[in-house]
Amino acid sequence: MSAPPVYPALRKALCPASARGLDDGQREVLGQALADAIACRTPDFFCAGCEDHPAGLCDDHAADLDLTDAYLALGRELGIEVAR
Ligand SMILES: [Zn+2]
């Protein structure tokens, strides 16, 4: 069974956290800000704590990845493309 179609007008009416009211330039800046935040939270390498952790990810790096997921989710909710 496929997901029901999402009608943009209905979605806009039901979603209080939409990016309506932002112009294209503001949306682009917000998308870039989210991309920068994600880049800052994405490690170049994983630490010794990650290597020692049974899950292969220390608490700090797991928290960073949770935040990047939240940034991406926010971008999707606002209909903003986040360059990666
Ligand atoms: Zn780590």
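Trainee: Okay, so a helix here is a DSSP run of H or I, at least four residues, numbered from the N terminus. What phi does Gly 79 take, just after H4?

Mentor: A positive one, about 70 degrees. Keep in mind that this is a predicted model.

Trainee: How many helices and strands are there in the protein?

Mentor: The protein has 4 helices and 0 strands. Read from the N terminus, that gives α-α-α-α.

Trainee: Back to H4, then. What should its 19 residues span?

Mentor: At 1.5 Å a residue, 27 Å. The end C-alpha atoms of H4 are 27 Å apart, so that agrees.

Trainee: And how do H2 and H4 pack?

Mentor: Helix H2, residues 24-41, and helix H4, residues 59-77, have axes 9 Å apart, at an angle of about 165 degrees. Angles over 145 count as roughly antiparallel, so that's what H2 is to H4. The crossing of H2 past H4 is left-handed.

Trainee: Which residues meet there?

Mentor: From H2 you get Gly 31, Leu 34, Ala 37, Ile 38 and Arg 41. On the H4 side they meet Asp 64, Leu 67, Thr 68, Tyr 71, Leu 74 and Gly 75. Sorted by type, the residues of this contact are 6 nonpolar, 3 polar and 2 charged.

Trainee: Switching topic: what share of the protein's residues count as buried?

Mentor: 6% of the 84.

Trainee: And among contacts between residues at least 6 apart in sequence, what share join residues at least 24 apart?

Mentor: That comes to 64%.

Methods
Residues numbered from 1 in each chain as written. Predicted model: local features only at pLDDT ≥ 70, side-chain atom pairs only at ≥ 80, totals over all residues. Helix = DSSP H or I, 4+ residues; strand = E, 2+ residues; numbered from the N terminus. Buried ≥ 20, exposed ≤ 12 C-beta atoms within 10 Å, placed from the backbone. Contact = placed C-beta atoms within 7 Å. Axes fitted to C-alpha atoms, helices over the stretch in contact; angles between N-to-C directions. Parallel < 35°, antiparallel > 145°, perpendicular 65-115°, else oblique. Left-handed = near helix turned anticlockwise from the far one by under 90°. Nonpolar A, V, L, I, M, F, W, Y, C, P; charged D, E, K, R; others polar. Expected span 1.5 Å × (residues − 1).
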